[in-house]
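Reader: Could you walk me through this model, starting with one of its sheets?

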There are 2 protein chains.
Amino acid sequence: MRIVIVGGVAGGASAAARARRVNADAEIIILEKGPVVSFANCGLPYHVGGEIQDRGKLLVATPDLFWNRFRIEVRVQNEVVSIDREAKTIAIVEHSAEHPGGHRSELSYDRLILATGSQPTTPPQLQPLPSNAFHLWTLNDMDQIMSFIADHAPKSAVVIGGGFVGLEVAEQLHHRQMNVTLIDRSPQVLQPIDRLFAKIIEEHLESKGIRLVLNAFLSNVVKKVDRATDVELADGRSIPTDLLIVGAGVRPRISLAEQAGLTIGSHGGVVVNEHMQSSDPDIYAVGDIVELHHGVTGQLARIPLAGSANRGGRIAGEHAARGQSDPMGSILGTAIVRVFDLTAACTGLNESALKSKGIEYRSAIIQAASHASYYPGAQSMQLKVLYSPFDGRILGAQAVGGEGVDKRIDVIATAIHFGGTVRQLAQLDLAYAPPYGSAKDPVHMVAFAACNDLDSAPTLIEPTALLDGKQVVDVRTQRERQQLPLPNAIAIEIDQFAERWTELDPNLPTVVVCHSGKRAHIGACWLRNKGFKNVSNLTGGMSMRSMDAS
Amino acid sequence: MRIVIVGGVAGGASAAARARRVNADAEIIILEKGPVVSFANCGLPYHVGGEIQDRGKLLVATPDLFWNRFRIEVRVQNEVVSIDREAKTIAIVEHSAEHPGGHRSELSYDRLILATGSQPTTPPQLQPLPSNAFHLWTLNDMDQIMSFIADHAPKSAVVIGGGFVGLEVAEQLHHRQMNVTLIDRSPQVLQPIDRLFAKIIEEHLESKGIRLVLNAFLSNVVKKVDRATDVELADGRSIPTDLLIVGAGVRPRISLAEQAGLTIGSHGGVVVNEHMQSSDPDIYAVGDIVELHHGVTGQLARIPLAGSANRGGRIAGEHAARGQSDPMGSILGTAIVRVFDLTAACTGLNESALKSKGIEYRSAIIQAASHASYYPGAQSMQLKVLYSPFDGRILGAQAVGGEGVDKRIDVIATAIHFGGTVRQLAQLDLAYAPPYGSAKDPVHMVAFAACNDLDSAPTLIEPTALLDGKQVVDVRTQRERQQLPLPNAIAIEIDQFAERWTELDPNLPTVVVCHSGKRAHIGACWLRNKGFKNVSNLTGGMSMRSMDAS
């Protein structure tokens, strides 16, 4: 049996290695269009910035290793140009010094695994790419950027695109002493994260000296010969730059799958079953090019991330090589990025995704310390959970902060995988010692807030809620009120609340506010239990509301 | 309605605060036997060692704060000595300067919450406690130790007990420049962790200069006047010391519950329902004194840990104050400790617990990096999962290593909470970026190993398995073999395996071994697929087997 894998990087190498584990006799061939069969694509920005000094570390596995260890044949510079499903053959063009025009050949397969990945998109204003503009998608891209920096010592850079990779690149270029401007056409960075959380990251970027230009529509790129000198925006602004990095999104490489007539889903990806088989059972697809079931919606989604690419590759390889495998399982879009001193992470759906799908939700936001606050080094995080108002099922979560953001999102992602509710989240028995967490972990605290909300004790309202016409009670200290003023609020500090709550009108709709929502919860509970009819707590408090400025 | 809470530290403060949240009118009184209503008991060792400099940080909440913020009355130095369930009254003895002999009074209750916690045990050889011997259980204990160190500048210390707190204390006294000897009567430290994992911690302690004496039965303590000078062991060894810390276990303070005739379970704890009500529905119990349902066995267990004490307190407070609450949920004994540069953590049951309960299990061990190994700063961890051979249900997990041990144990604890299997663990969609993890996280890797084992592809055997009479194949490099020799093994490096496997006898039971089990898996798969009848992989490899020395 011959198993042919198209593409090494995006799940292909995983598929090949797994196929060999379960089948010692199959012939296994990886055809890779590029010059390198497998490299750490998530590491590229860090080599540009110098955090990963040794380029060799990015080379995950060489053709020699594949052959010696696994008896897997690797053919680089081999581009698969078409599939003949009836004949079960593929047409290949090999690019080499011998055959500069490309050498055509054919190869038969018993099972074919497509792991062709994505390719970066280029805005029309940047076509053709100026000589100082680069994607950062392949090792070759990275090498070109490194050479350009070495040769031209650029003083300024514009990064187009405020997604995960765009933010990583902006930080790394900043480490290389450039004046970095990050532009994005949307009103915020990091689309999978809700606006106020993204705002925390935006302020952090600006505090580090990154210039951020949002709602930025590229209108023109001014060039001197083939070199970009200025990026012009639709609103008339112009940004001079020595270097341009284009991180404006990627699209799946599905032309092979399309040509072969495989079923393509509504999200533009190959439709596969739980064993990663496409509509042709002898052709598998993995990685960025496939649509998988989303664990929250149960619907198909295409979310190009390394984790599911690797897990999917493993399953495809196993099934191709022995006709059976465990099922793939669902995806949640769990993702994380480090931005200077902060970490942002998310899992499941965010508010805009929930709205667009018409899924009703509620949300709770807390501010918490990464570990017991009496133990040195605790770092603050904001943690948000989105949940169903009907049964408390967890729909998504986001966190921004220091240490331990990754842990909380992974725990909640695990709970979502099992269809967990916020009530179950509140019950988790998590590991506690002062250097690692708190007896009531941030995961518990956000779950408690959500459970209280579901029990209407009292109800949470969004940090950005309109407060006009409501009795707003500010339970913060005077110092806090001066630092972040909340106009038109009645100030009653929480430690005077039991004394002074009688100053309030029980018949007015009332909102209690503090810095993070914790003390406000105490005050709001008090009022509700004293018979106030309509009491709510501004979730996330002023720490979130203040993110809603301009 | 009057809610009386006996004990502030072990869940009592949580109960009181939650009761107030759901009921603004109830009279809530905390009676605390000691001088301080609530303090961070898990932080005590770190103040002794100087990591937490400011003693004030350990004081979680003062009586003033309880009153001003919550209208909760706190009476310290108030010991509850008996309960009259019929009359619904308690007898109190107040200790104060005014009443040195103790002032007796009575108080009625509508709901009573017992949060009396544990008290440390003292071996008979140390009764009465010498003047230089201390527990480390209360703030007062801590203060006494601090004074003793300040006054006497001890050069050596003996810590009795190698549990979580014993290890923390040993490290902190070492930070204070003492020669520290840690003694324990059992053959290993950290009972909830399996022997070879505990051994990693033991070697680390010794590498830091802690002297470890295991299987150490205290026979006598030599005293000069009231001061201990030498600790004598049953085997004749004698350890001179300037300071003794007794961390030889705790027992629940259940005398009040016993006196009141509440049902006590077979583990010596108060039996409660899911709302933390004892056999008397007006009396609740929380914290170290209760037995709760264990999430793996479904049976009652008593595991005194801060997390479940706090969560239980919250539930008892809510139910006492309004007659309803969410259920407590199960416990898993999830625990964690930092020991110098390492972290050890566990959840669920370990091997000895599974054996004693007659639960069949299998185990998989991996060695993995905390994050992508090409990104700087990755630290190694050993991760073990225990699972059912029948359905793959996760029964427990342990990890020892650097960064990220806490995250992996919390993720697995979450999966156990939902009754998850190792196959589900392999499907989790976890957050990946190079600084935080790998595209295949250690959680996935250990789950993959377990799934392979369940699929018999090939079967894992324990690191300590007898290898006599088996064909043992060592796939490590020559250098690795020299560093940690494995006698009587046939050496075939993994990258020559596809070439040289024919040198092996397919009819012999065969064990493949490498450093961590990863390369051995490749070799073992190869042999099995080539028709070898009986192939296994030494799980955890030489890195674990070498822990089984002496």
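Author: An open sheet of three strands in chain B runs in the order S18-S20-S21 with mixed pairing, where strands (E, at least two residues) and helices (H or I, at least four) are DSSP runs numbered from the N terminus, and two strands pair if DSSP finds at least two bridges between them. This is a predicted model, in which local features need pLDDT of at least 70 and side-chain atom pairs count only at pLDDT 80 or more, while totals for chains, interfaces and linings use all residues. Residues are numbered from 1 along each chain as its sequence is written, and chains are lettered from A and ligands numbered from 1 in the order in which they are written.

Reader: Which are the edge strands there?

Author: They are strand S18 (270-271) and strand S21 (300-301) of chain B, each of which pairs on one side only. Strand S20 (residues 290-293) of chain B pairs with S21(B) in the antiparallel sense over two bridges, and His293(B) has Leu300(B) in S21(B) as its bridge partner.

Reader: Switching to chain A, how many residues of strand S6 are buried?

Author: The count is zero among the six residues of strand S6 (residues 103-108) of chain A, so this strand is hardly covered; a residue is buried if 20 or more other C-beta atoms, placed from the backbone, lie within 10 Å of its own, exposed if 12 or fewer, and partly exposed in between. S6(A) pairs with strand S5 (residues 89-94) of chain A in the antiparallel sense over six bridges, and one of the bridge partners is His103(A), opposite Glu94(A).

Reader: And H8(A), why call that one largely enclosed?

Author: Because 16 of the 17 residues of H8(A) are buried, this helix is largely enclosed by the rest of the structure. Its end C-alpha atoms are 24 Å apart, which agrees with the 24 Å expected at 1.5 Å a residue, the expected span being 1.5 Å times one less than the number of residues. After H8(A) comes Gly323(A), whose phi is positive, near 75°.

Reader: What does each chain put into the contact between A and B?

Author: Chain A gives 71 residues and chain B gives 71 residues, two residues being in contact if their C-beta atoms, placed from the backbone, lie within 7 Å. On the side of chain A, the largest share, nine residues, comes from H10(A). That side divides into 40 nonpolar, 15 polar and 16 charged residues, where Ala, Val, Leu, Ile, Met, Phe, Trp, Tyr, Cys and Pro count as nonpolar, Asp, Glu, Lys and Arg as charged, and the others, Gly among them, as polar.
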